[in-house]
Amino acid sequence: MEELLQQIKGCSAEFFERLVVDLLVKMGYGGTRAEAGKAVGGSGDEGIDGIINEDRLGLDVIYIQAKRWENTVGRPDIQQFAGALQGQKARKGVFITTSGFSKAAIEYARDIESSIVLIDGNTLASLMIDHDVGVTLETSYEIKRIDSDYFEEF
């Protein structure tokens with residue numbers, strides 16, 4: 001996982017924002033990449049790096065903040081993101097970082113009315129591996145056994 005995190009940290013901020021949207025699409029949010037989500041970061045992004053549909057019908061959207069950082073994300077960063085959500089009249093957000101979150105940041109995200117999910121670097125790498133984003137299966141083995149349930153007669 002550490003090797004994957006180092007690879008991510010070496011990429012541009014724009015690439016990282018796209019990576020985050022790709023991961024969320026692979027996790028089942030929104031349907032296809034083209035219709036489900038978009039990276040909107042850059043100057044003037046008003047604290048929102050991406051937007052993704054919560055489901056294939058687009059009944060609700062989730063706002064994304066993606067930070068490719070070394071330093072711990074603190075409470076002020078989460079407060080800014082919560083303010084950006086308020087500005088969009090949004091209720092749901094995901095804050096993803098390559099680093100970690102301070103205890104105060106975690107407590108603040110847990111205690112506010114808006115739902116903000118915090119994903120640290122280790123969780124990000126684990127989710128990428130689980131959903132085949134940025135990784136390729138090298139070797140796989142199948143071992144088959146007889147399914148005794150199949151042969152049970154009713």
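This is a short talk on how the helices and strands of one predicted protein model are arranged.

I will begin with the whole chain. There are 154 residues, and buried ones account for 38% of them. The chain has six helices and five strands. Going along the sequence, their order is α-α-α-β-β-β-α-β-α-β-α. Now take the contacts between residues at least 6 apart in sequence: 58% of these join residues at least 24 apart.

Next, the inside. The largest nonpolar core has 22 residues. Which residues have the most contacts inside that core? They are Ile 8, Phe 16, Val 20, Ile 52, Ile 96, Leu 124 and Met 128. The elements giving two or more residues to this core are helices H1, H2 and H6, together with strands S3 and S4. H2 runs from 13 to 26, S3 from 61 to 67, and S4 from 92 to 97. Of these elements, H2 gives the most, with seven residues. There is also a second core, separate from this one, with 16 residues. Ala 84, Phe 101, Ala 105 and Ile 116 are included in that second core.

Now to helix H6, which covers residues 121–130. Its buried residues are Gly 121, Leu 124, Ala 125, Leu 127 and Met 128. How are they placed around the helix? Looking down the axis of H6, the buried residues fall within an arc of 160 degrees, so they line one face of the helix. As for what lies over them, the cover includes H1, H2, S4 and strand S5, which is residues 115–119. Two of the buried residues, Leu 124 and Met 128, were also in the list of those with the most contacts inside the largest core.

One of the partners of H6 deserves a separate look. H1, residues 2–9, packs against H6 at an angle of about 100 degrees, and the axes are 9 Å apart. Angles from 65 to 115 degrees count as roughly perpendicular, and therefore H1 and H6 are roughly perpendicular to each other. On the H1 side, the contact is made by Leu 4, Leu 5 and Ile 8. On the H6 side, it is made by Gly 121, Asn 122, Leu 124, Ala 125, Met 128 and Ile 129. Sorted by class, this contact has seven nonpolar residues, two polar ones and no charged ones.

Gly 121 is worth pausing on. This glycine is found in H6. Is Gly 121 buried or exposed? Buried means under 20% relative accessible area, and Gly 121 is at 0%, so it counts as buried. Setting aside neighbours within four places in sequence, Gly 121 is in contact with Leu 5, Thr 97, Thr 98 and Ser 99. Leu 5 is 116 residues away along the chain, yet the C-alpha atoms of Leu 5 and Gly 121 are separated by 6.8 Å.

A second helix pair gives us another angle to read. H4 is residues 75–87 and H5 is residues 103–111. Their axes come within 7 Å and cross at roughly 30 degrees. Angles under 35 degrees count as roughly parallel, which means that H4 is roughly parallel to H5. Arg 75, Ile 78, Gln 79 and Ala 82 of H4 meet Ala 104, Ala 105, Tyr 108 and Ala 109 of H5. By class, that contact has six nonpolar residues, one polar and one charged. Also in H4 is Asp 77. Beyond its neighbours within four places in sequence, Asp 77 is in contact with Trp 69 and Phe 95.

Last, two residues with a backbone angle to note. Lys 89 is not a glycine, but its phi is positive, about 55 degrees. Where does Lys 89 sit? Its place is in the loop between H4 and S4. Lys 89 has a relative accessible area of 78%, so it is exposed.

Asp 132 is not a glycine either, and its phi is also positive, about 55 degrees. It lies in the segment after H6. The relative accessible area of Asp 132 is 48%, so this residue is partly exposed.

That brings us back to the end of H6, the helix whose buried residues line one face.

Technical notes
Residues are numbered from 1 along each chain as its sequence is written. This is a predicted model: local features need pLDDT of at least 70, side-chain atom pairs count only at pLDDT 80 or more; totals for chains, interfaces and linings use all residues. Side-chain values use heavy atoms; hydrogens and water are left out. Axes are lines fitted to C-alpha atoms, for helices over the stretch in contact, and angles run from 0 to 180 degrees between N-to-C directions. Helices (H or I, at least four residues) and strands (E, at least two) are DSSP runs, numbered from the N terminus. Angles under 35 degrees count as roughly parallel, over 145 as roughly antiparallel, 65 to 115 as roughly perpendicular and the rest as oblique. Contact means heavy atoms within 4.5 Å. Ala, Val, Leu, Ile, Met, Phe, Trp, Tyr, Cys and Pro count as nonpolar, Asp, Glu, Lys and Arg as charged, and the others, Gly among them, as polar. A nonpolar core is a set of buried Ala, Val, Leu, Ile, Met, Phe, Trp, Tyr and Cys residues joined through side-chain atoms within 4.5 Å. Buried means under 20% relative accessible area, exposed over 50%, partly exposed in between (1.4 Å probe, protein chains only). The arc is that of the directions from the helix axis to the C-beta atoms.
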